[in-house]
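Notebook open, protein and DNA on screen. I want to jot down what I looked up, entry by entry.

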Number of protein chains: 2
Amino acid sequence: MSIETTGLREAKKRETRQLISDQATRLFMTQGFESTTIAEIATAARVATKTVTNYFPRKEDMAFDHQDAFVASLAETVSARPAGESVLGALRRTFEAGVAAQDPVIGFAGPDFSRMIHESPTLSACLRTLHDRREEALAAALAEATGSSPDDITARTTAALLAAVHRVMFRRIQELTLAGRTNDEIAAVVADEAADAFGLLEPALGHYAVG
Amino acid sequence: MSIETTGLREAKKRETRQLISDQATRLFMTQGFESTTIAEIATAARVATKTVTNYFPRKEDMAFDHQDAFVASLAETVSARPAGESVLGALRRTFEAGVAAQDPVIGFAGPDFSRMIHESPTLSACLRTLHDRREEALAAALAEATGSSPDDITARTTAALLAAVHRVMFRRIQELTLAGRTNDEIAAVVADEAADAFGLLEPALGHYAVG
DNA sequence: GCTAAGTTTACCTCCAACGTAAATTTCTCC
DNA sequence: GGAGAAATTTACGTTGGAGGTAAACTTAGC
C-alpha cells in the first residue's frame with residue numbers, strides 16, 4: 001500500500017517517461033544530440049520507438065525535462081515577492097540565491113549538459129524558445145502585478161529588459177562552464193557581474209511595481 | 001555587353017536563387033510553411049528538388065532572404081553613428097526613421113508575411129535566432145565602440161537591453177499588423193510606445209558609449 | 001474473473017536532409 | 001569558333017524524424 005496510491009498505471013507511466021528521458025540525455029551527452037537516433041534511445045530504454053515519440057513528440061523535449069519550472073521561474077518570483085519589494089529587487093534577490101545554490105535553473109547545468117546544448121543548433125534554438133516563453137510568462141506576471149491588461153506594452157518591455165539580464169547571465173554561466181571553470185569560481189565571477197547588470201537597471205526600474 | 005559583366009553563369013545563379021526564393025515565399029504565404037513541400041517549390045520554380053536544397057540547405061532560409069541585413073542592422077547603426085551621439089540615441093533615431101519609412105527591417109513586413117511567420121513554429125524559432133544573432137552583432141559593435149574585449153560582459157548586457165527594445169517593438173508591429181491595422185495606424189501607435197521604451201533606458205544608458 | 005479503458009507496440013506513409021555520380025551548361029584557351 | 005575544363009543542375013538512393021492506425025497487451029473497476 002503506497003502512500004501516493006495514484007494507481008500502478010500512472011506510476012509506470014512516470015517511470016517509463018523518466019527512463020526514456022534519462023537514457024536520451026545520457027546518449028545526447030556522450031555522442032551528441034544530432035548523432036543520436038530515436039531508435040537508439042528506444043533500444044537503450046527497451047521500448048518501441050513509437051513509445052518514445054508518444055511521450056516526447058519532439059526529440060529535443062527529451063533533453064529539457066524541467067522546462068515548465070524554468071519557464072515559470074521568473075513569473076513566480078514576481079508573484080511571490082513580499083510586500084514592499086520591487087520586481088527588480090525580487091528578481092535580483094532570486095538570482096543571487098540561485099548563484100549561492102549553484103542552481104541549474106539559472107545556468108549551472110554542468111559541463112556535459114552545457115556542451116550538449118552548445119554543440120547542437122537544435123537544442124540551442126530550443127533553449128532560446130524557453131527563454132522567450134519565460135519572458136512572456138514574466139510579462140504576464142508583471143501585467144498582473146501592476147493591474148494592467150495582459151498585453152500591456154510597458155509590462156512586456158520591462159519583462160524583456162529583466163529577462164534579458166537573466167538570459168545573459170545564464171549564457172555567461174554556460175560559457176564559463178564550457179571554459180572549464182569550477183562552479184565556485186563561476187559563482188564568484190557571476191555574482192559581481194550580475195550586481196552590475198541589475199544595478200544598471202535600478203534607475204530605470206527600481207520604482208516599477210513595488211508590491 | 002552588360003555593365004556588371006560577372007559572367008552569364010553567376011547571373012543565372014542569382015536569378016535561379018531569386019526565383020526559388022520568390023516561389024517558396026509565395027507558396028508559404030498562401031498555403032502555410034509546414035504544408036508546403038520542397039517538391040512543390042521545385043515544381044513551381046521548374047527546377048529539380050536537389051537544386052532547391054543546393055541553394056537553401058534549410059527550408060526556412062527560403063523565407064528569410066535578407067537575413068544578413070537584418071542581423072547587421074543594429075551593429076551598423078552603432079558603427080556609423082556621428083561623433084557625440086550615444087549608442088542609445090543612435091538606435092532610437094534609427095528606429096524612429098524606420099517607423100517613418102515603415103521599414104520591413106523593424107517589423108513592417110505586411111499581413112501575409114507576418115501571418116506566415118506567426119503560424120509556423122519553425123519560422124518563429126528561426127526569427128528568434130535572427131534576433132539573437134542581431135544582438136550578438138550589436139554586442140560586438142559595442143565592444144568595438146568602447147574599446148573593450150569582444151566578449152565584454154557590460155557590452156553584452158547593454159546589447160541585450162537595447163536589442164530587447166527593438167525586438168519587443170518588432171513583435172508589436174507584427175501583432176498590430178496581424179490585428180488588421182494599417183501601416184499608418186501602426187506607425188502612430190508604435191512611435192509613442194518606442195519613445196517610452198527608449199526613454200526608460202535613458203537614465204541607465206544615456207551616457208554609455210557617447211562616440 | 002470479466003469487461004472497459006488506457007498503454008504499448010508493429011507497420012505504415014510522408015518529407016526534409018544529405019550523398020553520389022551522371023548530364024548539361026558555361027567558361028577559357030588555343 | 002571549337003575543344004577541353006570547370007561548375008551547375010539533375011536523377012537516384014539512403015537515412016531519420018514526425019505522424020497515423022489498428023492490434024496486442026496491461027491495468028482498473030465492477
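Which atom of DNA strand C is 3.1 Å from an N or O atom in the side chain of B:Lys50? I found a base nitrogen there. I count a polar contact as a pair of N or O atoms within 3.5 Å; within protein, one must be able to donate a hydrogen and the other to accept it, and residues adjacent in sequence count only if both atoms are side-chain atoms.

Ground rules, for my own sake. This is a predicted model, where local features need pLDDT of at least 70 and side-chain atom pairs pLDDT 80 or more, while totals for chains, interfaces and linings use all residues; side-chain values use heavy atoms, without hydrogens or water. Residues are numbered from 1 along each chain as written, with chains lettered from A and ligands numbered from 1 in written order.

Next I checked the backbone of DNA strand C. A polar side-chain atom of A:Thr51 sits 2.2 Å from a phosphate oxygen, and the side chain of A:Arg9 has an N or O atom 2.8 Å from a sugar or linking oxygen. Of the strand's atoms within 4 Å of the protein, 74% belong to sugar or phosphate, the rest to bases.

Then the protein side. I get 20 residues around strand C, near meaning a heavy atom within 4 Å. A:Thr51 is among those that come nearest, as are A:Tyr55 and B:Arg9. H3(A) gives the largest share of this surface, four residues. Helices here are DSSP runs (H or I, at least four residues), numbered from the N terminus. H3 of chain A covers 49–55, and H1 (8–31) of both chains also supplies at least two residues each.
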